[in-house]
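Reader: I'm new to reading structures, and I'd rather get to know one part well than skim everything. Could you pick one region and walk me through it slowly?

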Amino acid sequence: MRKCYFDYVATNPLHPDVFDAMLPYFKEDFGNPLSLYEPGMKARNAVENARAQTAALIHAKPSEIIFTSSGAESNNFALRGIARARQKEGKHVVVSRMEHHSVLNSARVLEKSGFAVTYLPADKHGAVDPAAVKKALTKETVLLSLGHASSEVGTIQRIQEIAKIARDHKVIFHTDAVASAGNIPVDAKELGVDALSMAAHQFYGPKGAAALYVREGLRIVPLIYGGIQEGGRRAGTENVPAIVGMGKAAELAAAELPARMEHVKKLRDRLIEGVLAVENVSLTGHPEERLPGHASFTVEYIEGESMLLLLASKGVYVASGSACSSKALKASPVLLSMGIPASLAQGSVVFTLGRENSAEDIDYLLAEFPPIIRRLREISPFAKGWEEKEQGNKCYTTSPESQSGS
Amino acid sequence: MTLKFVGSIKPDVTTDIVYMMCPMHLLKLEEKMKELDKGQILEILTDYDGALEDIPGWCEKTGNEFLGVEDSDEYYKFYIKKVR
């Protein structure tokens, strides 16, 4: 049976050149970068080289890159570290309801420590309105965090425009660029952000290596205390092979980006056209301003999980909502925040493409998908439609007091 | 060495290491002092309490002049003059 991996937003396979670059650091070059003798120096040089490669991908200075273990850690670090460093200036943080759990749950932790948090909704395309951001900022706001591109619906936010608003209000702006960095051009300076999260396994690097860009001069309270790794801002012996892999993956991504984008975009456009030919299927996210390898849909009258399992039985691997939501069998909070009813959000399916996908993969998918949908609709208790409940997509702000009883 | 509390010293170079972990105050101090010319003043901003002992001690050991420390609300401002 053919195997088609269409879940690149969950993770990417390692690029063979990345694997080769990592290998020596598992074996002969195993030194600790803090050791003063030769094997330590070799490891230290490898980490610093990877820092320069990673910085170059987002047009930053090497000293502005802090290596972490995951995109989630980078997001936790940014939210909690920056808010805590600025808490004397104000205790209000703004995020969108489109964010990854690592941003939303960090925001909830801040609420418990006395911050007020505003959760902004998105429009029907998953875009956050810059005017709504402007309205949400107050004299107390110290931090704004908005994802660059949504991993669930692919929408790319108007970060540059929003960054200007943040700057005008003297609010620090963090963007979660885990889904975008290495997949579309990301220039931290041009975007105008103060902090940016990225993860190696989203651009053919290894899991276990990620980074937080922190603009020069910006203070951040550490998340992990210990030694002086990462300039005294993130303790723990460096995962040298993974960091080396991240650097190599960043270098390859920077060099191959236009070709990679063209490859997946061509396949994605065919996929979207073919999937939309099935009746009662809608594209989610922005029709144009979206990640080039990203195609997400809602399929009426069936549940995403059943689609996912039947497609998997045909060797087609896809996601339904976010990886976390899929596992928890919950309607995606991201789709709900876009005003999509819960019943419809349950029927979400996300295809994300990468460099290993081919035109034959799309042919195979488009042959297998319609009969699966037909079969599921035949047995669906909702096949004749369902009662739609109005779901809120309103902006709301919590106060520390509102948390006390929860 | 006695700790001197001062105010309004004009530095030539400032390095901000607030929230950076120990012993970054000593590593940055050494790194920045190498970049300074003799007679120039370095200002280090740090929230690390141990620096109150470590920075004057480093100055004594290396023969540089510890001008004093200013205690602001969230962090300390240390002033060191490069002598050698």
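Author: Sure! One bit of vocabulary to start: two residues are in contact if their C-beta atoms, placed from the backbone, lie within 7 Å. Also keep in mind that this is a predicted model.

Let's look at chain A, and at where its two domains touch. The domain assignment gives domain 1 as 4–9 + 256–379, and domain 2 as 16–253 + 394–404. Taken over C-alpha atoms, the centres of domain 1 and domain 2 of chain A are 27 Å apart. Where they touch, 24 residues of domain 1 of chain A are in contact with 24 residues of domain 2 of chain A. On the domain 1 side, the elements giving two or more residues are helix 9, strand 10 (294–299) and helix 12 (333–337) of chain A. Sort that side by class and you get 10 nonpolar, 11 polar and 3 charged residues.

Now let's follow helix 9 of chain A, which spans residues 240–276. Its axis and that of helix 14 (residues 359–379) of chain A come within 10 Å and cross at roughly 10°. Angles under 35 degrees count as roughly parallel, so helix 9 of chain A is roughly parallel to helix 14 of chain A. The crossing of helix 9 of chain A with helix 14 of chain A is right-handed. Who meets whom? From helix 9 of chain A come A:L267, A:R270, A:L271, A:G274 and A:V275, and from helix 14 of chain A come A:A359, A:I362, A:L365, A:L366 and A:F369. By class, the residues of this contact are 8 nonpolar, 1 polar and 1 charged.

Next, two loops. Most residues other than glycine have a negative phi. A:N280, in the loop between helix 9 and strand 9 (281–283) of chain A, has a positive phi, near 60°. A:N280 has 14 other C-beta atoms within 10 Å, so it counts as partly exposed.

Strand 10 of chain A, which we met on the domain 1 side, leads us to the other loop. A:Y301 is in the loop between strand 10 and helix 10 (304–313) of chain A, and its phi is positive too, near 75°. A:Y301 counts as partly exposed because it has 18 C-beta neighbours inside 10 Å, while a buried residue would need 20 or more.

Notes. Residues numbered from 1 in each chain as written. Chains lettered and ligands numbered in written order. Predicted model: local features only at pLDDT ≥ 70, side-chain atom pairs only at ≥ 80, totals over all residues. Axes fitted to C-alpha atoms, helices over the stretch in contact; angles between N-to-C directions. Helix = DSSP H or I, 4+ residues; strand = E, 2+ residues; numbered from the N terminus. Parallel < 35°, antiparallel > 145°, perpendicular 65-115°, else oblique. Left-handed = near helix turned anticlockwise from the far one by under 90°. Nonpolar A, V, L, I, M, F, W, Y, C, P; charged D, E, K, R; others polar. Domains from an automatic or database assignment. Buried ≥ 20, exposed ≤ 12 C-beta atoms within 10 Å, placed from the backbone.
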